[in-house]
Amino acid sequence: MDASASILFSGRFSFAANPAPNLMPNEEPSVDRKTLDDRQKMTELERLRHSCAHVLATAILRLWPEAQFAAGPPVENGFYYDLDLAHRISPEDFEKIEAEMKKEIKANHVFERIVVTREQALADAASGRLGGLAERPGNPSQFKLGNLADIPAGEPISYYRNGDFLDLCAGPHVMRTGNIGAFKLTHVASAYYKGDEKNPQLQRIYGTAFKNKTEMEAYFTMIEEAKRRDHRKLGQEMGLFALDSEYVGPGLALWLPNGTAILEELEKLAKETEFAAGYVRVKTPHLAREKMYKTSGHLPYYADSMFPPMILPMENEDRKNFEKLLLKQGQLRSGLAAAGHQGAFEAEDHPLHRQGLESAQPAVADVADALKEEERLAKAIGEFRSHGRYYLKAMNCPHHHRIYAAEPRSYRDLPLRLAEYGTCYRYEQSGELFGLMRVRALNMNDAHIYCTAEQFAEEFRAVNEMYLKYFQIFGLSKYQMRFSTHSAAGLGKKYVNEPALWHQTEDMVRRVLVESGINYVEVANEAAFYGPKIDVQVWSAIGREFTIATNQVDFAVPAKFGLTYRDRDNTDKTPLCIHRAPLGTHERFIGFLIEHYAGNFPLWLAPEQVRVMTIGDEAPLVDYASALVRELRAGQVRVKADFSTNKINGKIQEAEKARVHTMLVIGSRDLEAGNVSLRRHGHGNLGAKPRAEVVADILAAIHERRA
RNA sequence: GCCAGUUUAGCUCAGCGGUAGAGCAACGGUUUUGUAAACCGUCGGUCGCCGGUUCAAUCCCGGCAACUGGCUCCA
């Protein structure tokens, strides 16, 4: 990150300099604050929250004068301050910390800005004065020293002082501590200093602050509403999915019948849309040999994120050949040693290899030849080993590449669009698992488009248009396209070392985005290792930000697999590949939809679309209702019957709680008139209507995927 | 993976150094009903797992696991 941003705020900023118009003000993407000028653009509320962080530090120092502070910025819904303190602050401490904060606010101290020289700042940090109430001999402000080091030469250095508390800070602040109308500490967490895993872990105290109590109460009411919409809670209530970590494993979701209904509706939508867009469907296994991921280049980059391989025992003949190689290798190395060659070979731990090593081999005649032979043996041994290793696939692309390779391809076959709802497995770190949003087994709305450079722009544009079409269906208006490019520094490490291709493809993507008038932000150094990409970020109704879809260029991996097509000029050329997943994964997309709709799905997605209930269970009523159920079921409607003798109020309450989309009540009056009484979840009783009309409308609404 | 917190019946949650309780759900009856709960009864728990302290542990201590909130990460 830019060093100037680190004066006080070493962590991540959660407000942007250039908010995209389709975003709500408090839903801007997180972007590092680049300059002091940017900082002056802090909103009034952000200043207030930032000031409250200083008040928090003041209070903590009153209780624990030895505390060392690092960074205390405003964040999306409040603020935090990172600190180092032997005492572990727990929520039980909040009350007394808040009491001290109230005193500081009541004292109504001025936030005084003081500009100092670097020498002065270094001296104050050394004495422990910075981020303290007084000088603290023997307890220098170590993190402030670290922050000072990040301030570029020539940039002004400023303090802010409220009462006794003096902090290195670029500001800005509110005028007085008394301007903080309402605040509350919310939780403790831990964070690495400057966000770097290698740095010490600090305690992070989070809080929120508002101009007044009313606004704060509205915020907490909103939080309560958000908890009700949480996909984990709704998922359980509605019987959508289960996470059985004991028997199945953490992050491995089980789709219950209700959730599967949604999942299959999404697949149906994707299949229809992709069919219309000229995709063909394929189906591939969930695992592949190690060679696949060595070739694709994924293994060196992503081995940590893959489940470890399963290792198959070798067949008899293979084993014999393998052991012969090991013996031979040992002997060869022994011979090389006898010839005085001290090669640094990879150690092999095998009895036969050792037996070879210990054999008294005559010195080799030609060391260069012997080394060549050694290299060949080592490679062959590696291949034998690799042959029996299978990995669960973390991505579908290599399998699709092999489908491409399964037949000779002509330029006439391109673009070739291979689509699959592929199941991938990723070994996400345990702490990163999160309901359905971050899982270890995922069903991806995947496809790979193989095309020529000339076709690329059109294909890429079509993919982006498909995204927009989907977003419209789901009434998704808040999203942000994020264009991720490479960094020169990462070439050969994080990114394949093809600088010309990077620039070429990045230009192509940028042009498509500009020409389609798509609103996007460009971020450097976040591309995939094989090419630039566009991620689509959405904000769930709860305000959680997620990458829901992705559209990536791949100019590297097809070549690694030797994929070619025969062009007009009768030469073989390598196709470009577009990886795209507009609906992301079922897990994340449905998790998102649950929160988006608060569990109140439109008819076409609702797990239980219709429930037919009778008032009483007398035979003619049940016959009439049964016929209705059969008719709906014949129309592929997910319908259930409740013909029990419970009171109609009770039946309705049950159906409402289950969020059944459409409730059809049938009593003797309806029977006589050939009607059904219609009720919709969230809309109440809509009155009696002719049966045929209601059925036709239900079928039409499902077919049209009406919102 | 790291820091902190949490884990009691299918769900939501009480409770306590002397091996447990409510509501809802489930199940069995009774009830024949007009748009968000009719009534009665029954069942249900190795108090996350393993170990320690104690005459006695669900409760105190330690380890592990899972979950939650963050951090780091996210092809």
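Where is the place of Tyr-479? Tyr-479 sits in strand β17, residues 479–484. Helices and strands here are DSSP runs, numbered from the N terminus: helices are H or I with at least four residues, strands are E with at least two. At 17% relative accessibility, Tyr-479 counts as buried. Buried means under 20% relative accessible area, exposed means over 50%, and partly exposed lies in between, with a 1.4 Å probe and protein chains only. Tyr-479 and Trp-539 are 60 residues apart in sequence, yet 6.8 Å apart in space, C-alpha to C-alpha.

This is a predicted model, in which local features need pLDDT of at least 70, side-chain atom pairs count only at pLDDT 80 or more, and totals for chains, interfaces and linings use all residues. Residues are numbered from 1 along each chain as its sequence is written, chains are lettered from A and ligands numbered from 1 in the order in which they are written, and side-chain values use heavy atoms, with hydrogens and water left out.

**The chain as a whole**

Chain A has 22 helices and 28 strands. Its C-alpha atoms fill a box of roughly 105 × 75 × 50 Å, taken along the principal axes. Of the 707 residues of chain A, 51% count as buried.

**A three-stranded sheet**

Strands of a sheet pair through backbone hydrogen bonds, either parallel or antiparallel. Here, three strands form an open sheet in the order β12-β14-β13, with antiparallel pairing. The edge strands are β12 (287–289) and β13 (310–311), and each pairs on one side only. Two strands pair if DSSP finds at least two bridges between them. β13 and β14 (residues 389–392) pair over two bridges. In this sheet, Met-310 stands opposite Tyr-390 of β14.

**The surface near RNA strand B**

How many residues surround RNA strand B? The count is 53, and the closest are Gln-201, Ser-305, Ser-430, Asp-617 and Thr-645. A residue is near a molecule or strand if one of its heavy atoms lies within 4 Å of it. Sugar and phosphate account for 51% of the atoms of RNA strand B that come within 4 Å of the protein.

Several elements each supply at least two residues of this surface, including β7 (182–192), β8 (201–210) and α7 (231–237). Helix α20 (648–657) is also among them. α20 gives the most, with seven residues.

Three polar contacts to the RNA follow. A polar contact is a pair of N or O atoms within 3.5 Å; within protein, one must be able to donate a hydrogen and the other to accept it, and residues adjacent in sequence count only if both atoms are side-chain atoms.

| Side chain | Partner in RNA strand B | Distance |
|---|---|---|
| Ser-190 | base nitrogen | 2.7 Å |
| Arg-232 | phosphate oxygen | 2.8 Å |
| Asp-617 | base nitrogen | 2.4 Å |

**Salt bridges**

Side chains of opposite charge can pair when their charged atoms come close. A salt bridge is a side-chain nitrogen of Lys or Arg within 4 Å of a carboxyl oxygen of Asp or Glu. By this rule the count comes to 43 salt bridges.

One of them joins Glu-272 and Arg-705, with the closest N and O atoms 3.0 Å apart. Glu-272 lies in helix α8 (residues 257–276) and Arg-705 in the segment after α22 (691–704), so the pair ties together parts that are 433 residues apart in sequence. Glu-272 is partly exposed, at 43% relative accessible area. Arg-705 is buried, at 15%.

Another salt bridge brings together Glu-420 and Lys-393, at 4.0 Å from N to O. This pair links distant parts of the chain: Glu-420 is in strand β15 (residues 416–425), Lys-393 is in the loop between β14 and α14 (397–405), and they are 27 residues apart. Glu-420 and Lys-393 are both buried.

Arg-611 forms a salt bridge with Glu-608, where the closest N and O atoms are 2.7 Å apart. Arg-611 is buried, with a relative accessible area of 11%. Glu-608 counts as buried too, at 10% relative accessibility.

Salt bridges also form a network, which links Arg-680, Asp-697, Glu-704 and Arg-706.
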